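Subject: Structure handover

Hello,

Here is the structure I said I would pass on. My notes on it follow below the display.

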Amino acid sequence: MDDIKLLIDLHLSADRQGPGGEAPTRRAIELSGLLNRRSLKIADVGCGTGASTLVLAQALDAHIVAVDFLPEFLDVLKSRASRAGVADRIETLNASMDALPIEPSSLDAIWSEGAIYNMGFENGVRQWRELLKPGGILAVSELTWLTDQRPAELEAHWQEQYAEVGTASSKMAVLERNGYTPIGYFTLDEACWLDAYYRPMQQRFPDFLARHGSSAPAQAVVAAEVLEIDLYERHRAFVSYGYYLARKTDDPV
Ligand code: SAH
């Protein structure tokens with residue numbers, strides 16, 4: 001079984017596929033200024049099994065296009081949406097985030113929790129800007145350094161995994177130079193990593209390994225997660241996800 005199939009199998013039954021939680025999604029919705037608006041059109045990009053999609057559908061008067069390149073995740077999202085009574089507000093779209101088949105200037109907001117790194121933060125915010133209406137909102141969470149200096153071990157790991165990891169000020173600068181005004185920022189707390197993401201994943205390891213006869217590739221998937229969890233636990237003061245809210249600015253004249 002190839003690695004992507006293994007990753008799907010490890011993450012398919014999870015409530016979420018990255019750090020986060022209902023409270024931060026609701027906080028971002030408040031900061032977005034969209035709460036009193038009607039008939040919104042929003043894309044949730046890299047939605048996974050729909051953790052943020054369901055909150056958006058419940059909190060906002062919106063039609064939501066839930067995008068992921070893994071149809072397995074979208075199938076789970078659809079049944080969760082039905083159970084939550086919001087299926088009529090959500091349309092799934094199996095597409096890659098770097099080639100979204102969405103009409104330019106058609107979206108009131110683009111949401112993306114823990115996913116934009118797959119195409120790189122700057123590349124993502126630049127490409128997605130085209131899809132937003134004038135004044136449209138971007139809401140993304142992204143791996144962020146919490147301090148100016150970090151332990152070398154932590155820095156080396158994340159530099160290797162995601163070279164664009166940076167401080168909040170560096171991410172704000174990326175937003176500004178790509179035609180956005182930052183309008184809100186906060187960081188995810190430890191519960192978003194440990195209680196909502198890593199602990200449930202750890203509980204899935206034994207069954208996951210058993211399902212795959214403890215194959216070498218399955219063990220490698222678990223080992224990579226164990227390493228990441230250990231690093232987070234020891235260095236949580238230095239790294240988290242930042243949640244960035246930004247408004248598309250007018251094109252310069
Ligand atoms: N937003 C969800 C999932 C985060 S994990 C949550 O917070 O729980 C990142 C998600 O991005 C996964 O669901 C993965 O399938 C998706 N993804 C990764 N690369 C992608 C790409 N190129 N295009 C679309 N989705 C992608």
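Helix α5 passes helix α7 in a right-handed crossing. This is a predicted model, and everything below should be read with that in mind. Helix α5 covers residues 121-129 and helix α7 covers residues 168-177; their axes lie 10 Å apart, at an angle of about 30°. Angles under 35 degrees count as roughly parallel, so α5 and α7 are roughly parallel to each other. On the α5 side, the residues that meet the partner helix are Phe121, Glu122 and Val125; on the α7 side they are Lys171, Val174, Leu175 and Arg177. By type, the residues of this contact between α5 and α7 are four nonpolar, no polar and three charged.

A second helix pair is α2 (residues 22-32) with α3 (residues 51-59), whose axes come within 10 Å and cross at roughly 50°. That angle makes α2 oblique to α3. The crossing of α2 past α3 is right-handed. From α2, the contact uses Glu22, Thr25, Arg26 and Ile29; from α3, it uses Ser52, Val55, Leu56, Gln58 and Ala59. Here the residues of the contact divide into four nonpolar, three polar and two charged.

Helix α2 also holds Pro24. Is Pro24 buried or exposed? Its relative accessible area is 9%, and under 20% counts as buried, so Pro24 is buried. Leaving aside neighbours within four places in sequence, Pro24 is in contact with Phe186, Leu188, Cys192 and Tyr243. Of these, Phe186 is 162 residues away from Pro24 along the chain, while the C-alpha atoms of the two are separated by 8.6 Å.

The last residue in these notes is Ser240, which sits in strand β8 (residues 239-248). Ser240 has a relative accessibility of 2% and therefore counts as buried. What does the side chain of Ser240 reach at 2.8 Å? At that distance is the backbone oxygen of Leu188. The Ser240 side chain also makes a polar contact with the side chain of Trp193, at 3.0 Å. With neighbours within four places in sequence set aside, the residues in contact with Ser240 are Glu142, Leu143, Thr144, Leu146, Leu188 and Trp193. Leu188 thus appears twice in these notes: it is in contact with Pro24, and it is in contact with Ser240.

Regards

Key:
Residues numbered from 1 in each chain as written. Predicted model: local features only at pLDDT ≥ 70, side-chain atom pairs only at ≥ 80, totals over all residues. Heavy atoms only, no water. Helix = DSSP H or I, 4+ residues; strand = E, 2+ residues; numbered from the N terminus. Buried < 20%, exposed > 50% of the residue type's maximum accessible area, 1.4 Å probe, protein only. Polar contact = N/O pair within 3.5 Å; in protein donor to acceptor, adjacent residues only side chain to side chain. Contact = heavy atoms within 4.5 Å. Axes fitted to C-alpha atoms, helices over the stretch in contact; angles between N-to-C directions. Parallel < 35°, antiparallel > 145°, perpendicular 65-115°, else oblique. Left-handed = near helix turned anticlockwise from the far one by under 90°. Nonpolar A, V, L, I, M, F, W, Y, C, P; charged D, E, K, R; others polar.
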